[in-house]
Amino acid sequence: MPSTTTPYPSAATIEGIFHYRTLPRHADKFEEYVDDTADIHVFGQDFHLGGRNKGKKAFREFNKQMHDMADLDGDDRIEIVNVIGGGEQAWAAVNTRCTSTNKDAKGYYSENVYLVKFSLDGKITQAKIFMDTKHAHGHLSEK
């Protein structure tokens, strides 16, 4: 009889983990799933959101910048669109959508993809984050 368990978190479990990332008050809970030495790479050119960093602290800082930009206390939202992978695969893709309004009532819409690799103990060891950093930077500087 085939095993009912998989070596890596399932797509549903990964969605639950990333749900914590969407809520600033649960940032510590999300960080429980990030390896202390995780390699974090945000793809983007010439904007402070882009770059490569190591560790949980780097992920914390990136998440803080994104939450500050989205200003989640207002009508702003970050939602998980879908998760592909996980389970039998160490890698998974997490598609998120952010909608926001800046202080001048200018709308912001962005979809981002987090390509994440999990260890066998369920921690994120690598994250490649694909987002329009120029668009995000422009919205951040307008808030």
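Visitor: What makes one face of strand β5 buried and the other not?
Guide: In this predicted model, the side chains along strand β5 (residues 107-118) alternate. Y108, S110, N112, Y114, V116 and F118 point to one face and are buried, where buried means under 20% relative accessible area, exposed over 50% and partly exposed in between, with a 1.4 Å probe and protein chains only. G107, Y109, E111, V113, L115 and K117 point to the other face and are not buried. Residues are numbered from 1 along each chain as its sequence is written, and side-chain values use heavy atoms, leaving out hydrogens and water. Local features need pLDDT of at least 70 and side-chain atom pairs count only at pLDDT 80 or more, whereas totals for chains, interfaces and linings use all residues.

Visitor: Why is β5 called a strand?
Guide: Strands are DSSP runs of E with at least two residues, while helices are runs of H or I with at least four, and both are numbered from the N terminus. The protein has four helices and six strands, in the order α-α-β-β-α-β-β-β-β-α from the N terminus on.

Visitor: How do you know that β4 and β5 pair?
Guide: Two strands pair if DSSP finds at least two bridges between them; strand β4 (residues 91-101) and β5 have eleven, in the antiparallel sense, so they count as paired. T96 has N112 in β5 as its bridge partner.

Visitor: What makes β5 and β6 a pair as well?
Guide: Six bridges join β5 to strand β6 (residues 124-130), and the two run antiparallel, so the requirement of at least two is met here too. V113, for instance, has F130 in β6 as its bridge partner. β5 and β6 form a hairpin with five residues between them, and G122 in the turn has a positive phi of about 85 degrees.

Visitor: Which strands stand at the edges of the sheet, and why is one side of each left without a neighbour?
Guide: The open sheet of six strands has the order β2-β1-β6-β5-β4-β3, with mixed pairing. β2 (51-54) and β3 (77-85) stand at its edges, and each has a single partner strand, so one side of each has no neighbour in the sheet. The partner of β2 is strand β1 (residues 34-43), joined to β2 by four antiparallel bridges, with I40 opposite N53.

Visitor: How much of the whole protein is buried?
Guide: Of its 143 residues, 39% are buried, that is, they fall under the cut-off already given for β5.
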